[in-house]
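Thanks for sharing this one. Here are my notes, set out point by point so that you can follow them with the model open.

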Amino acid sequence: MKKYKCEKCNSETVRVVREYSIVTESVKQVSYSCDNNTETEMEKRFTKKDSYCDWGVLNEDHTIAWLKKDMTGTKEEIPEIGLNSECIEIEKKGAVTRNIWSDIDKESEEYYVYCEGCGRDIEFGWSNPDGTGLIWPVEWDDFDFSSCYPEARYITKWKNREWV
Ligand SMILES: [Zn+2]
């Protein structure tokens, strides 16, 4: 006996998608020439964002069987300069006196659960209060709202039903 059967398409498979990005901030010490023509040394910041998408299917025991990792990957480099527009980066040789690079990684991730057959969004909860652990789809036979915690996007819906 399968735990899930879609009312619309009869699919018995649930797909899990994990989207996440890794942001890397780098700081470089650069020399600039500003309005009054004095040389000033300031920080130049760079942000690099790598986006990924992994997908798999949800096993009967509520764990994920990953099928494809890093389905899409994009990179963008956004230079940020915290200077007024009158400042010009000095290009001349020897202007950059020192380079200090510091990288900070911030990872954010979102999980989505879909019906494999018709692509419908399926509501789900987690076994842990911090949105980790096992995935409990609302439409599965063994779903019990009192034994799991809502995915952050569904908290309002669950509150309205007095599930939390
Ligand atoms: Zn379906």
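1. Let me begin at the C-terminal end, with a tryptophan. Leaving aside residues up to four places away in sequence, Trp 163 touches Phe 145 and Trp 158. Trp 163 belongs to the segment that follows α1 (155-160). Please keep in mind throughout that this is a predicted model.

2. Is Trp 163 buried, exposed or partly exposed? Trp 163 counts as partly exposed because it has 16 C-beta neighbours inside 10 Å, while a buried residue would need 20 or more. Ser 146 is worth displaying alongside: its C-alpha lies 7.1 Å from that of Trp 163, with the two positions 17 residues apart in sequence numbering.

3. Now for the overall layout. The protein has 9 strands and 1 helix. Reading from the N terminus, the order is β-β-β-β-β-β-β-β-β-α. Among contacts in the protein with a separation of 6 or more, 60% join residues 24 or more positions apart.

4. On burial, 8% of the 164 residues of the protein count as buried. The largest nonpolar core consists of 9 residues: Val 14, Val 16, Leu 58, Val 113, Cys 115, Phe 124, Ile 135, Trp 136 and Cys 148. At least two residues of this core come from each of β1 (14-33), β6 (104-115) and β8 (135-137).

5. Val 14 is a good place to look at this core. Which residues does Val 14 touch, once those up to four places away in sequence are left out? They are Tyr 4, Val 57, Leu 58, Val 113, Cys 115, Glu 116, Ile 122 and Pro 137. Of the core members, Leu 58, Val 113 and Cys 115 appear in that list.

6. Asn 59 sits in the loop between β2 (39-58) and β3 (64-68). This asparagine has 13 C-beta neighbours inside 10 Å, so it counts as partly exposed; the exposed class stops at 12 or fewer. Asn 59 and Thr 13 are 46 residues apart along the chain, yet their C-alpha atoms are separated by 8.7 Å.

7. Finally, a word on confidence. The average pLDDT of the protein is 80, and 65% of the residues score at least 70. Over residues 92-101 the pLDDT is below 50, although in the model this stretch has 14 contacts beyond near neighbours in sequence. Predicted coordinates should not be read in detail where pLDDT is low.

Definitions and conventions: Residues numbered from 1 in each chain as written. Predicted model: local features only at pLDDT ≥ 70, side-chain atom pairs only at ≥ 80, totals over all residues. Core = buried A, V, L, I, M, F, W, Y, C linked by C-beta atoms within 7 Å. Helix = DSSP H or I, 4+ residues; strand = E, 2+ residues; numbered from the N terminus. Contact = placed C-beta atoms within 7 Å. pLDDT = per-residue confidence, 0-100.
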